[in-house]
Amino acid sequence: MATQADPHADAIEEIFTTVAALAPDIRDALPGRRVQNDETNPSGETQLAADIYADELFREHLGALDSVVEYASEERTKIVPTDGEEDTGLSVAIDPLDGSSNLKSNNTMGTIVAVYDAPLPAAGSDLVAAAYVLFGPITTMITADGDGVTEYLVDDGVREVITEDVQLPDDPSVYGFGGRVPDWPDDFTAYTEDIESDDSMKLRYGGAMIGDINQVLIYGGVFAYPALESAPNGKLRLQFEGNPIGFIIESAGGRSSDGTQSLLDVEPNDVHQRVPVYVGNDELIEQLEASLD
Ligand code: F6P
């Protein structure tokens with residue numbers, strides 16, 4: 001992870017500032033872009049006009065930064081080389097509108113950004129920063145730069161600090177698990193029963209990873225999009241979702257796992273590869289890994 005003397009500190013700041021500055025444009029564009037496009041993204045999901053608009057906007061603005069040499073997005077098949085400084089440049093992998101199926105029902109969505117100091121596909125251990133913007137009742141942004149996690153209000157495209165050094169609370173209270181329950185493997189079902197038997201824990205699942213992660217960060221708890229019987233690698237993508245969220249949760253004192261190891265240790269082999277995602281308070285992920293053993 002990056003340190004205070006990180007040679008990439010200015011570049012990371014520039015990327016975060018650019019993403020925050022685009023948040024109002026993305027938000028303003030949503031009402032008119034709820035319609036489906038005729039295309040599917042590389043993971044086979046139906047694209048909305050809003051997904052494509054957000055992807056193009058990020059490619060244009062992040063791709064124009066000297067500090068960025070590669071741009072990859074969940075919405076496009078190929079990695080786009082950009083004109084940044086080859087020797088020092090960073091690779092950006094972005095999920096432009098995470099949870100965009102929530103647009104129709106007007107529920108939470110977000111943007112996830114992963115900044116790697118390596119060509120894509122890269123390992124989580126190559127991350128130097130990660131962030132997400134949460135389009136909830138208000139727009140907030142969480143950043144992790146290797147030197148702590150910060151929560152911001154994004155007002156008119158400008159970040160204002162809400163909380164510095166965000167840490168998962170010690171007394172977790174929420175859980176959210178994706179995938180169809182009959183499709184869960186027996187060992188994961190057994191784990192969920194253990195979690196449910198703890199009367200301090202309550203179910204909250206919104207169907208947009210960013211919203212479901214943010215509640216874990218704020219209240220403490222566990223989020224999983226598990227390996228499924230029908231999809232042993234689950235649904236979420238390593239480069240755009242698993243790695244950046246693992247980096248943020250671990251930077252905030254929590255833990256991430258693919259079932260056996262930290263998400264940041266998963267070997268990358270394809271830019272659109274999927275991975276089971278389990279993140280949350282340390283003891284809950286330890287319990288999960290013991291259950292899946
Ligand atoms: O990757 C897209 C996504 O919308 C995530 O944000 C979310 O966690 C997941 O899919 C929801 O999937 P499901 O509709 O199966 O609950």
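Which order do the strands of the open five-strand sheet have? The order is E12-E11-E13-E15-E14, with mixed pairing. Strands (E, at least two residues) and helices (H or I, at least four) are DSSP runs, numbered from the N terminus.

This is a predicted model: local features need pLDDT of at least 70, side-chain atom pairs count only at pLDDT 80 or more, and totals for chains, interfaces and linings use all residues. Residues are numbered from 1 along each chain as its sequence is written, and side-chain values use heavy atoms, leaving out hydrogens and water.

**Sheet edges.** Select 202–203, then 255–257. These are the edge strands E12 and E14, each pairing on one side only. Pairing takes at least two DSSP bridges between two strands. Now add 174–177, strand E11. Two bridges join E11 to E12, and the two run parallel. Pick Val-174: its bridge partner in E12 is Lys-202.

**Helix H1.** Select residues 9–29. The expected span is 1.5 Å times one less than the number of residues. For these 21 residues that gives 30 Å, and the end C-alpha atoms are 31 Å apart, which agrees. Stop at Ala-23, where H1 bends by about 30°. The bend is the angle between axes fitted to the seven residues ending there and the seven starting there. Pro-24 follows within four residues. Colour by burial (buried: under 20% relative accessible area, 1.4 Å probe, protein chains only). Buried residues of H1 include Ile-12, Phe-16, Val-19 and Ala-23.

**Whole chain.** Zoom out. The protein chain has six helices and 15 strands. Of its 293 residues, 57% count as buried. The C-alpha trace spans about 50 × 45 × 35 Å along its principal axes.

How values were computed: Buried < 20%, exposed > 50% of the residue type's maximum accessible area, 1.4 Å probe, protein only.
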